[in-house]
Amino acid sequence: MRPARAAAAAARCRALLTEDPEPALASTERYRKVGRPVELAAALEDAAVLLAVNRRPHESTRAGAEAIELYAGLGAAWDLHRLRHRLAEYGIDPDPK
């Protein structure tokens with residue numbers, strides 16, 4: 001049996017390898033449940049990009065907006081910049097209006 005943290009990290013890796021956003025989204029639920037904001041923000045970022053890749057722009061925008069909120073709360077300016085840049089490649093603007 002793998003620890004839950006390892007399972008969530010493995011799901012994110014699987015999502016990135018397969019370009020399937022679903023495992024990344026599943027990992028966000030785990031991180032949200034256990035209160036891991038840094039990991040949650042990173043998983044939301046990955047999910048947002050994968051949703052954009054899979055032509056799901058509305059879901060991508062929602063995941064990206066939540067990641068932006070978390071990164072801003074953490075004072076993670078570089079992460080905010082990276083997320084905006086990654087999503088801009090797909091025409092996604094995740095900034096909450």
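**Threonine 28**

I looked up threonine 28 first and found it in helix 2, which covers residues 21–34. The model is a predicted one, and I read every value below with that in mind. I then checked burial: threonine 28 has 2% relative accessibility and therefore counts as buried, the cut-off for that class being under 20%. For the side chain I recorded a reach of 2.5 Å to the backbone oxygen of leucine 25. Setting aside neighbours within four places in sequence, I listed Leu40, Ala43 and Leu44 as the contacts of threonine 28.

**Serine 27**

I turned next to serine 27, which is also placed in helix 2. Its relative accessible area is 1%, so I entered serine 27 as buried. With neighbours within four places in sequence left out, serine 27 touches Ala8, Ala11, Arg12 and Ala43. Ala43 thus appears in my entry for serine 27 and in my entry for threonine 28.

**Helix 2 against helix 3**

How do helix 2 and helix 3 pack, and at what angle? I noted an angle of about 160 degrees, with the axes 9 Å apart, helix 3 being residues 37–53. The two helices are therefore roughly antiparallel, since angles over 145 degrees fall in that class. I recorded the crossing of helix 2 and helix 3 as left-handed. On the helix 2 side, the contact is made by Pro21, Ala24, Leu25, Ser27, Thr28, Tyr31 and Arg32. On the helix 3 side, I listed Glu39, Leu40, Ala43, Leu44, Ala47, Leu50 and Leu51. Sorted by class, this contact of helix 2 with helix 3 comprises 10 nonpolar, 2 polar and 2 charged residues.

**Cysteine 13**

I located cysteine 13 in helix 1. With a relative accessible area of 46%, cysteine 13 is partly exposed. I also looked up its separation from aspartate 46: the two residues are 33 residues apart in sequence, and their C-alpha atoms are 9.7 Å apart in space.

**Positive phi values**

Which residues other than glycine did I find with a positive phi? I entered glutamate 19, with phi near 60 degrees, and arginine 55, with phi near 55 degrees. I marked both because most residues other than glycine have a negative phi. Glutamate 19 lies in the loop between helix 1 (4–18) and helix 2, whereas arginine 55 is in the loop between helix 3 and helix 4 (57–74). I then compared their surroundings by accessibility. Glutamate 19 stands at 46% relative accessibility and so counts as partly exposed. Arginine 55 stands at 76% and so counts as exposed.

**Helix 4 against helix 5**

I closed with the packing of helix 4 and helix 5, the latter being residues 77–88. Their angle is about 165 degrees and their axes are 9 Å apart. Helix 4 is therefore roughly antiparallel to helix 5. I recorded their crossing as left-handed, as I had for helix 2 and helix 3. From helix 4, I listed Ser60, Gly64, Ala67, Ile68, Tyr71 and Ala72 as contact residues. These meet Asp79, Leu80, Arg82, Leu83, Arg84 and Leu87 in helix 5. By class, I entered 7 nonpolar, 2 polar and 3 charged residues for the contact of helix 4 with helix 5.

Definitions and conventions. Residues numbered from 1 in each chain as written. Predicted model: local features only at pLDDT ≥ 70, side-chain atom pairs only at ≥ 80, totals over all residues. Heavy atoms only, no water. Helix = DSSP H or I, 4+ residues; strand = E, 2+ residues; numbered from the N terminus. Buried < 20%, exposed > 50% of the residue type's maximum accessible area, 1.4 Å probe, protein only. Polar contact = N/O pair within 3.5 Å; in protein donor to acceptor, adjacent residues only side chain to side chain. Contact = heavy atoms within 4.5 Å. Axes fitted to C-alpha atoms, helices over the stretch in contact; angles between N-to-C directions. Parallel < 35°, antiparallel > 145°, perpendicular 65-115°, else oblique. Left-handed = near helix turned anticlockwise from the far one by under 90°. Nonpolar A, V, L, I, M, F, W, Y, C, P; charged D, E, K, R; others polar.
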